[in-house]
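Please consider the model shown below. The paragraphs that follow lead through its strands, its helices and its ligand surroundings.

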Amino acid sequence: MKNRLAQLIQRDGRALFLPIDHGYFQGPTRRLERPGETIKPLLPYADAIMLTRGILRSCVDPENTKPIILRVSGGTSVVGEDLSHEGIATSVKEAIRLNASAVSLSIFVGSKYEHDTLLNLARLVDECEDYGIPVMAVTAVGKELEKREARYLALACRIAAELGARVVKTYYCKEGFEKVVEGCPVPIVMAGGPKVDSEMEVFEFVHDGIQKGAIGVNLGRNIWQHDHPVAMIKALRAIIHENATPKEAHELFIEARGSRK
Ligand code: 5RP
């Protein structure tokens, strides 16, 4: 367990996870139509990649040595009845065979299927602990993006940790994020959600979230849907691993982008 966690969380205690699992319910998401191509230039800057077994098998070179966080929950789609109705879609045996460093699963606190997704998490933890595999719980909100506020996120993160998650992925919120972190006894990484208009907004929230105790990010669309994804990930890496300020990260972004536009 310690060894696997050390593959994910770096010696400085921080982490930059790059998720490309969105297709498991969204289909061919914009700029993730060919995931292998999307991640090729980004891999050197990521500490781990998060994806499903199908994309790992068909789009990622098996000689890739970046740690894998295997998304094992699924069974719903954006056009289906209820995004929260997920089950466990990949076995722990398969995670071991694919040499995953961790597995991830979504919980939908406050949804119609809250109970089922929480028990999915508890059962997955039971099985993974036997093999020393960390479980990263994803506090998912489905289409209800407005749920991303401190009281709700603190509740969901704490429940995930109580059920045995070793890492929790949640959303950042401007007000009260420190309360979310304080109430969760395991490391928190932040997702980005739908792409926002300005890169500075991303740098600012990641920086603020880290000041408030998050260990890093599990951030996808705001990197690979950007016109300059490599510049984005380089700048974010500087915030996470070199304590760069948002302004310094932006300077780095401009330099990496190669023009002032
Ligand atoms: C999708 C996920 C994503 O991995 C997570 O939301 C992070 O990606 P993004 O930054 O694009 O929101 O769990 O189900």
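Two residues are taken to be in contact if their C-beta atoms, placed from the backbone, lie within 7 Å. With that criterion, what covers the buried residues of α11 in this predicted model? The cover includes β1 (15-19), α9, β10, α10 and α12. The residues so covered are Met 232, Ile 233, Ala 235, Leu 236, Arg 237, Ala 238, Ile 239 and Ile 240, all of them buried. The length of α11 agrees with expectation, because its 14 residues should span 20 Å at 1.5 Å a residue and its end C-alpha atoms are 19 Å apart.

The helix α11 is followed by Asn 243, which has a positive phi near 55°. Asn 243 is a residue other than glycine, and its place is in the loop between α11 and α12. Is this residue buried or partly exposed? Because 13 other C-beta atoms lie within 10 Å, Asn 243 is partly exposed. A positive phi also occurs at Asn 99, where the value is near 60° in a residue other than glycine. Asn 99 lies in the loop between α5 (92-97) and β6 (102-107). It counts as exposed because it has 11 C-beta neighbours inside 10 Å.

Helix α9 was named above as part of the cover of α11, and it may now be examined in its own right. Helix α9 runs over residues 199-211 and has 13 residues. From its first C-alpha to its last it reaches 19 Å, close to the 18 Å expected at 1.5 Å a residue. Its buried residues are Glu 199, Val 202, Phe 203, Phe 205, Val 206, His 207 and Gly 209. In an α-helix there are 3.6 residues a turn, so residues three or four places apart point the same way. Against which elements do the buried residues of α9 pack? They pack against two strands, β9 (188-191) and β10 (216-218), and against the helices α8 (177-182), α10 (221-224), α11 (229-242) and α12 (246-257). Just after α9, Gly 213 adopts a positive phi of about 115°.

The strand β9, against which α9 packs, leads to the pairing of the strands. β8 and β9 pair in the parallel sense over four bridges. Within this pairing, Lys 169 has Val 189 in β9 as its bridge partner. Between β8 and β9 the chain crosses through α8, and this β-α-β crossover is right-handed.

Strand β8 (residues 167-171) also pairs with strand β7 (residues 135-139), in the parallel sense and over three bridges. Here Ala 137 has Val 168 in β8 as its bridge partner. The chain passes from β7 to β8 through helix α7 (residues 150-162), again in a right-handed β-α-β crossover. How many of the five residues of β8 are buried? Five of the five are buried, and the strand is mostly covered. Both of its faces are covered, with Val 167, Lys 169 and Tyr 171 buried on one side and Val 168 and Thr 170 buried on the other.

The account ends at the ligand. It is surrounded by 13 residues, of which the closest are Pro 19, Ala 191, Gly 192, Gly 220 and Arg 221. By character, this shell divides into five nonpolar, six polar and two charged residues.

Terms used. Residues numbered from 1 in each chain as written. Predicted model: local features only at pLDDT ≥ 70, side-chain atom pairs only at ≥ 80, totals over all residues. Expected span 1.5 Å × (residues − 1). Buried ≥ 20, exposed ≤ 12 C-beta atoms within 10 Å, placed from the backbone. Near = placed C-beta within 6 Å. Nonpolar A, V, L, I, M, F, W, Y, C, P; charged D, E, K, R; others polar. Pairing = 2+ DSSP bridges. Right-handed = clockwise from strand over helix to strand, strands pointing away.
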